[in-house]
Structure formats: structure tokens, C-alpha cells
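Colleague: Could you take me through one part of this predicted model in some detail? I'd like to start with how the domains sit, then move outward from there.

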Amino acid sequence: MYYPFETQVAPLTTVRRRRMLPAPGTVGVRIGDQVEPPQVIAHAELPGDFRIVPVARLLDIPASRVNRYIRVKPGDDVQEGQVIAKRGRLFASTVTSPFDGMVTASGGGRILIEAHPTAFDLRAHMYGTVSNVLQQHGQYYGVVIETPGAVVQGAWSAGEESFGVLKCLAETPNDLLEAEAIDPASHGTILVGGRGLSDAALERARQLQVRGIVVGGLSPELVPQAEQLPFPIIVTEGIGVVPMSGPIFHLLMKNDGREASVNGHMQTRWGIMRPEVIIPMPADTVPPAERQPGAPLGIGARVRLVRTPHAGKVGTVVALPVHARRIETGIRVHGAEVDVGQEAPIFAPLANVEVLR
Amino acid sequence: MAEEQPIGSILLVDCGTVMTKATLLEQVAGQYRLVARGEAPTTVEYPWSDIAAGIRHAVDHISASTGRRFFEPSGDLIIPELRGQQGIDAFAATVSASQPLQVVLAGLVRDLSVSSAERAAAGTYSTIKAILANDGRDGGQSEGASVHTIHDAAPDVICIAGGVEGGAAEPVLSLVEAATLASSLIEQSTRPRLLFAGNSRLRQRVVQMVGKRAELSVADNVRPTRTEENLLSARAELDQLYVQEKLERLPGFEAVSKWSAVAPKPTARAFGQLVQYLWRLGDSSKGILGIDVGAASTTVAAVFDGRLFTTIRGDLGVTFGGERMIQEHGAETVTRWLPEPVSADETRGMLINKVIRPTSIPQDVRELWLDQALAREAIRTTLELARPGWEPGAAQPYPHLLPLCDTIVVGGSVLAHTPRPGQAALTVLDALEPIGVTTLVLDTHGLAPALGIVAEVKPLAAVEVLDSGAFVNLATVVAPVGHARRGETILRVHATYGEGKFSVEIGYGDLEVLPLPPGQQAVLELRPLHNFDVGLGGPGKAGKLRVNGGLAGLIIDARGRPLHIPGNTEQRQSQMQQWLWDVGG
């Protein structure tokens, strides 16, 4: 049995997402509340910056003599520019606080000033209903939001979170998104392209302040630019010019014009996070919960092939040969026969087959 | 006295970052044999979050081929073996699937104490998050900047070295103060520990200075004098910390520990143990090397005069670490080993795709070459870190070259699963540049770490499994050292094997492969010219020796040491292609 990597491409499911604070704080919603993407649902105070002020050095005196010149003590609030140490009268040397904050320690000729905590507002990021408030030992950590909707997981991303109306600018999964296709009406939308986009298209999208881009592939030359964009970009297949997988493209096309939440956070190890697009939808009945990953690969599974020369092709597993076979590089491996709609099925290494669930 | 239980079957498991490998050893006709093996993706991450799941998946493959049942319906391993092929008598596991220890190094001089501290950290799976050196290079750092650096790096441990024994106190103490201050500013639950491995005469003052502001442990000074290095104590402290903070916290680790009489060990430590064990079986006048190139880390284990030196790059393997390497050192670091032009952008794209899908394998020959190029650089980089810490003694006739090695054990999927053995051999030769006569041994089944544990608890089993072909000879390599004009004859080789014999003249610059398959032996008569040294006692010394064949045959690597790589891109690519052809790759 082989347990393959999986990617979620669900047209309608009950999407549940945890929205977590980076530190314990307060939660401003209750179970059952309806929330909207920009809504602040929780709040935390995060530790501020700190600065070690080398008072003795700045006053040009030994550390052992500095105490008599220091005008503040641990626990004191200080303002930016406030004199915290002074030596002399007429032509006095002074040391001032670099920012608003609190003196938290002094010693060895130095003063430690910590800035006031910074406020962090956690937004809902998606339409939905609060299904749980997460707390432990009396401290609040976040909430769970639930909505009927579609989910598409990406392969690579840059940027953070965003939401907006999906605007499909490709007619086929193989279309390249060009600058000319991005008109002023794209402002504030999430653009959906095909196999990739041009350098000019990326720049045009930035100028028109789109809220996100979803494409099949991204040329490696554009990666540094994509990493600097003020909005998230999600790549569904991988780096390179790769047509968007059919099921993903059709799902996004079908939802052209709907509002969607885009999450560009990605972590490849030690707590994997994958980028995703969530499209909330009205549903008369509660759709089934998201299918949990972790099933062995079987005949009939819908899979995507992930490595060159077949990267991005989607098909159905029609056989799992018992014996290893030789592949393009010359190595013999166990694999799956995948019907991708060509004359004959493609034999792909099990390691290069990914289930679309 | 309790009677020792006979062990008829052993299940060995290695949980790597990407793949988990399982191997079944059984006593067959009184001798331990490798019976079956299985492999499955490691399951540290969601949705499994349990390393035991990956072990079960890998063992499922063994069950399918042997009919043996290993697990209770509850998921626990059946130990000891029951009648009717159920369970096993012993289980041992090695693990490298955890996150490396995050370390900040602080010391006085970058090339002395900091460099020694770096080697101490490389004794375990670690990532160096930041280096603070007080030697004024790059302008040095103010205390405030140092505290910020440590704070931002959020390490698990701050290792402070510096100060020869009895040397200056103030610069070391100011590092300790910065580290303590930074540590105390980090929230209690994630607060880094301090390890002081500097001037031991300052220990008392350091203990007082740190007080209760941070957790402190001390180790012997890693650089007691300008020329002396003493890493043992600091390495042990860091390794223990890695095991406690990372390995034992892996989800599922506790359950797996219960299956085993010996606690699961870090893979690299067990790998080193095996290499040390193999040294005892070989020519003790030379050294022995072990190279294990994983998806996320690279290990070089060297043994000279019985002493083991293990060096791990916990942040550089053939899947993870490549992108950062090309960002820091340029894509040409990797692309210089490719026989075809591949742009820097394309290289970066391929590296990102590998990270996105770490379990996938190359299907395109260019991607395969990229993997092998990354393996070369991962080995070279790790070797660079390791070599200053070695004490090879008489095994090192040329200080700037690799010491003489009797055997080089080579492991890791990128080398064990090459389509053609010549590719694995060439990767190792390019990366290590061995000299003299060396046997390359391939750990095709990824057994070396687990056998390291077996060698510790049941040495006979390890010997028998090794004898039964767990490892295969990749090649015997003859690498002459000296200088001549390209093409000039530098070595005459006369080989006698079975009923056959042949003679060949080797020109300087040649990479010659002579057919000598595994299992076949040959007597080689080596006659170097122009004072070349083939490791038979010095420059110009000739001699005869018996060598074993290998998958890639007998390789005469007369390309020169150090290896010259053409600077011109087209010439270099054509040279790489030629070398690949030469070794049948």
C-alpha cells in the first residue's frame, strides 16, 4: 500500500478553519456568530521592540559611576526623547529614550527599555459561522470558523491573506495571463490565470491593486518579484510554466464572480501549511465535512502527476503494477498506470503521483 | 542468571526526514540475512503526526512480500516473535526526522573559537541561526545588536565559546552578558539555554553572572589553546540537548521507544558507530569515511586511529537547503557540475519544486543531474566543515588533500538509487577527491545506521548481515597524486583476474573505468611514473595489491588532485559530459 501526497480540490464541502492568535488574547465573537472577512474577531497585545541603551559609554564614564546620572528606574514609563541620564549642568551630556516604552532593567552601565506592546487584530479572513472559541487554562487563543464552500489547495505561494471577487481571465488552463487582459475592472479582485503570467502582467496587477492572483505555474524568473507583491499569489502546480490542472481550473471558472478568501501562507516543514483558496457558498443543506487525507492509493483514484515530463496532468489510476518498471532516467521504480485521456495510460512513479481529493 | 533470549528476527527502521525505511533480518541456516525491506513516506506531519504510522506503512511492504504479521490490531509491535510468522524478536530504530537544534554561536575569533564551536554543533543535527564574533570583523556588533540578533534568531541554545585557557576575561563575559540578556527577553516557554564552552577559568563567574536569568550548562573549552581543539564535551552536551528537545518530542516517539530495548538513536550517531566498527575490520593504517546524503542533512563520519569524527550539516541535503545554498553562494555552485546549460532561474525553480514535493523523484534526466550536483556540493560543504577537526595522523600524507582512506561507505537515496552505478561513483569522486587506493561501498538498502545499533548490541549479527551482501562494492578507485602535462603517461596498470589479464597506460587527466564486476577480485600491479603517488608508500612507489570489483568496476581517477574544473562554461559542461560517459553514466 502506498500513502500518497494529497491536494484538496473540493467543489462543495463544509470548510472549517482555525483562526489563531500569535499569543493569548481576547476573543470578540461567540459561537454561532456570523462573521465577514475583514471583521476583527480577536485581539492580542504582542511584545514590543526593545533597546539596550549603553548609558555609561554615551556619557563617557565607567559603568561603576553611572548610577548617579541615571534619571529613571525599572518600571518607569518613558517617552521618546525623554532624558533618561544626564551628566553635567551647563554643557550637560544627556541620553534620551529612543522610543515610548518602559524601563525594564538597568545595570552594568546600561538601561533596557522595552517599547509598549503592539496591538494585534485577528480578522475572520472568510465568511462563515463561528463554531468554536479556542481557550485553554482560561486564556483565549482563537476561533474556528465554518462555512459551506469550495476549497483549492495550492502548491506554492507568496504573500499573506486576502479576499475579493474571483475574476477568471483565462479561457483554458493553458492560457498565459498577459498585461492587456488586466483591465481597470480588475481592481480589488482575485485574478485567475492559466499556465502562468508574464512579467508585465504581474506589474499591471500590482498597479491596479488586485487582491490576489491564482495561476497554474510561475516562471522561476518571476519568483523574486512575486515574493515582493503586496497581495498573495498562489501557484497551483509548481514553479515553471505548467498548465493549471483541469479540475482546479474548472472549479475556479465555475465560481467566477464569487467572493473568495486567499491564504498565501506556506510552510514546507515542521508544521506544514499549504496555500489555499476558499470560496464560501450558499448551501440549503450542510455539505459533507472535508475528507481527511491519509488513504492508501487505489485503482480509480483521481490523481495529478507532479514531475516533468508529465507535471500537471490529471487522470485516473487504472492499474498498480506489482513489478517495478524503468522510467525516463533509467531507474526502476514501482508506479501507477494513470489514464490521462491519451491513447495509452502513463506509467508514473508512485512517488510522483498526488491524489486530488 | 537469566538465560539470553535467542534472537531469530530483527526489524530495523530508519525514520528519515522524507522517507522511512524498514528492513527485516532473519536467521537463515544459522546466519543473519537481509530478508525483505520496505519504504514509505515519513509521517511526522499532518495528517499523521505520528512517526509510528510511517513505520507501519513501510513494514506493510515487508508483510506483503513475506506474509509475516508484525502488528497487533492496536498498532503495537508484536515482540517477541510468536509461532506462525507473527512479530519479531528485536526492534531497533534510528531517527533523523526531527527539526535540527537551532543554535546561535558566540565566540571571540571567527577562525578559532567560533569555528571550533561550529564543529561542536555539527556533531549533532543542528542549524546555525546566527554567529556572533567579537573579533571586529565586519565591524563587530554592539551588545544591543547582539541581543537583537539572538532575540530574532529565537534559538534553542546559545553556545558561547571563546578565550583560550587563562586568556582575556572581559570580551568573553560581555558575550555571556549579551546572551543572558537576550535569553531573558524571550518568553519563558521558548527561552533558549546557554552552553558555555569557553575559558574554563571563567566558569564560576559565568555561573554567577547568568544566575537565574537563563538555564546554563557548561562544557570543556572547545579551544583551550590557539592550536588545540577539544570538542568532545560540548558535542555531548549539544547532542543530549538535541535528543531531549527535538528527537524525543517527535509525535509517536514514545510509542516507538517502547518497542525497542535500545532507545532510538539519531541516525547520524548510529551511522558513525557503524563506520567506526568497519574501521576495525579494515586496514587500520588508513582511515575510513562514511558519507550519508539525506533529503535534509548530510553526514560525514571519519575514523582515524580508531577515533570517530562525525560531522553533520543539519540544514543541507538534496531536497532541503539547496535553495538557500544557491542564494548565498550563487547557482553556479551547483550548475558547475551539470553537463548541460541550466540557468540560475531554472535551477531555483527546480529546487523550489523539490521542496514543495519532497517525496517525489526525478523523471527528467536534467533533474536527476541536479540532484547529483546537489549531493556533490552537500558533501563538499560538509567535508569543508569536518576536515579541520580531524586528526588523521600518518593517514594524511598531503595536508591539502583528503587523507588516505581504505574504504568509503556511501549512503542516501540520491547515491544508492542512481540509474547507473557510475553516476554514484562519479558523484563521490568529484565530491571527496580521494587519493591512493580506496574501495567505495554502497549502502543500497539504507541499512548503515540501523546496523550501527546492531553492531553495538549484537556485533555478530552486523558482521553476518554485512557478509551476506547488505552493502555492495561500488568501485575500487586508484587516484594518483602528482603533476604532469595533460595526456602524459603517469601510471602503468597491470591487472590479473581469474584467467584473464590486461595492461593499460593511464595519462594525466584520464578517468578510466576497467570492467571488474562485484564478486570478482584482481591483482593489480601499479607502476607510477613521474614520481606520482598511488598510496603505496610514497611518490613513485610501485606495488601489487589485491582489489575487489564493484558495480562501477575499477576506476583509475587520474584527473589530478585537487580536481581541476574548467572555468569556461562550455568547456566545463563538455568536460562533465565526458566524465559521465567515461564512468558509463
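How many Å apart do the C-alpha centres of domain 1 of chain A and domain 3 of chain A lie?

Modeller: They lie 26 Å apart, going by the C-alpha centres of domain 1 and domain 3 of chain A. Keep in mind that this is a predicted model. For bearings, the domain assignment of chain A gives domain 1 as 5-15 + 147-280, domain 2 as 50-115 and domain 3 as 302-356.

Now the contact itself: twelve residues of domain 1 of chain A meet seven residues of domain 3 of chain A. On the domain 1 side, strand 1 (5-7), strand 20 and helix 4 (246-254) of chain A each give two or more residues. Strand 1 of chain A has the largest share there, with three residues. By type, that side of domain 1 splits into five nonpolar, five polar and two charged residues.

Next, the contact between the chains. Chain A puts in 36 residues and chain B puts in 36 residues. Strand 20 (233-239) of chain A turns up again here, since along with strand 5 (50-53) of chain A it supplies at least two residues of the side that touches chain B. Strand 5 of chain A gives the most to that side, with three residues. The whole side of chain A facing chain B divides into 21 nonpolar, ten polar and five charged residues.

Then there's the packing inside. The largest nonpolar core has 260 residues, and the members touching the most others are B:Cys159, B:Ile160, B:Ala197, B:Val410, B:Ala425 and B:Val428. Helix 12 (residues 365-386) of chain B gives the most to this core, with ten residues. Take B:Ile160 as an example: leaving aside residues up to four places away in sequence, B:Ile160 touches residues including B:Ala106, B:Leu175, B:Val176, B:Leu194 and B:Ala197. A second, separate core of 15 residues includes A:Val303, A:Ala311, A:Ala336 and A:Ala351.

Back to helix 12 of chain B, and its partner, helix 14 (residues 421-432) of chain B: their axes come within 8 Å and cross at roughly 35°. The crossing is right-handed. Helix 12 of chain B makes the contact through B:Gln372, B:Ala375, B:Arg376, B:Ile379, B:Arg380 and B:Leu383, while helix 14 of chain B uses B:Gln423, B:Thr427, B:Asp430, B:Ala431 and B:Leu432. The residues of that helix pair's contact come out as five nonpolar, three polar and three charged.

Technical notes. Residues numbered from 1 in each chain as written. Chains lettered and ligands numbered in written order. Predicted model: local features only at pLDDT ≥ 70, side-chain atom pairs only at ≥ 80, totals over all residues. Contact = placed C-beta atoms within 7 Å. Helix = DSSP H or I, 4+ residues; strand = E, 2+ residues; numbered from the N terminus. Nonpolar A, V, L, I, M, F, W, Y, C, P; charged D, E, K, R; others polar. Core = buried A, V, L, I, M, F, W, Y, C linked by C-beta atoms within 7 Å. Buried ≥ 20, exposed ≤ 12 C-beta atoms within 10 Å, placed from the backbone. Domains from an automatic or database assignment. Axes fitted to C-alpha atoms, helices over the stretch in contact; angles between N-to-C directions. Left-handed = near helix turned anticlockwise from the far one by under 90°.
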